[in-house]
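Hi,

Here is the structure I promised to pass on. Have a look, and my notes follow underneath.

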Amino acid sequence: FKLMNFEDTNMYDVEIKTTENINTAGYSHKGDYMNIGQAFEKIFMWGFKSGIFGNKPPQSYGIYYDDPSETPKDDLNSFACLKIDNDKAITDEVEARTIKGGRHAVLLFKGPYSELEKPYQWLYGQWLANSGEEAADAPCFEEYLNNPKDVPPTELLTLIHLPLK
């Protein structure tokens with residue numbers, strides 16, 4: 001039998017959730033995922049300038065289309081976006097995209113964005129391989145539960161959504 005580290009099998013909690021479609025407005029980013037912050041700054045500026053969120057902070061998402069272990073950094077495609085209630089707010093300045101709802105494996109990660117690679121590797125390499133589930137042909141996305149301007153990197157909370165068949 002193979003001796004497993006406790007950390008390997010129980011590193012993160014994963015819940016299977018069914019979600020609704022999420023309508024978003026955002027900006028595409030091409031290149032290293034660690035540089036998507038520029039696109040987030042642009043979309044937050046657009047969101048506050050347009051006034052569509054009132055006083056409440058908008059819900060933000062990052063959609064990641066490519067596997068960074070198989071795609072050169074310069075060729076990675078992602079999308080920084082904010083949840084919108086309707087398309088009325090969409091201008092030529094931003095792009096509307098819908099995050100498809102359905103069954104997702106959802107992992108909560110607490111820590112710096114620079115360490116998100118670890119839970120992704122575990123989610124695909126350990127959890128998915130042993131779960132009996134199959135990944136859908138849809139990109140993973142991240143839901144950011146707090147703001148890096150408000151909390152230290154060690155306190156950042158990110159939900160990683162892996163779409164399932």
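Which residue in strand 8 does leucine 107 stand opposite? The partner is isoleucine 160. A caveat before the rest: this is a predicted model, with local features needing pLDDT of at least 70 and side-chain atom pairs counting only at pLDDT 80 or more, while totals for chains, interfaces and linings use all residues. Numbering starts from 1 along each chain as its sequence is written, and side-chain values use heavy atoms, with hydrogens and water left out.

Strand 6 (residues 102–110) and strand 8 (residues 157–163) run antiparallel, joined by 7 bridges. Strands here are DSSP E runs of at least two residues and helices are H or I runs of at least four, both numbered from the N terminus; two strands pair if DSSP finds at least two bridges between them.

The whole sheet is open, with 8 strands in the order 1-6-8-7-3-4-2-5 and antiparallel pairing. At its edges sit strand 1 (14–19) and strand 5 (95–99), each pairing on one side only.

Strand 7 is the bit I like. It is mostly covered, with 5 of its 5 residues buried (under 20% relative accessible area, 1.4 Å probe, protein chains only). Cys140, Glu142 and Tyr144 point one way, Phe141 and Glu143 the other. Strand 7 pairs antiparallel with strand 3 over 5 bridges, and 4 bridges join strand 7 to strand 8, also antiparallel. Glutamate 143 stands opposite tyrosine 61 on one side and leucine 159 in strand 8.

Cheers

Methods:
Buried means under 20% relative accessible area, exposed over 50%, partly exposed in between (1.4 Å probe, protein chains only).
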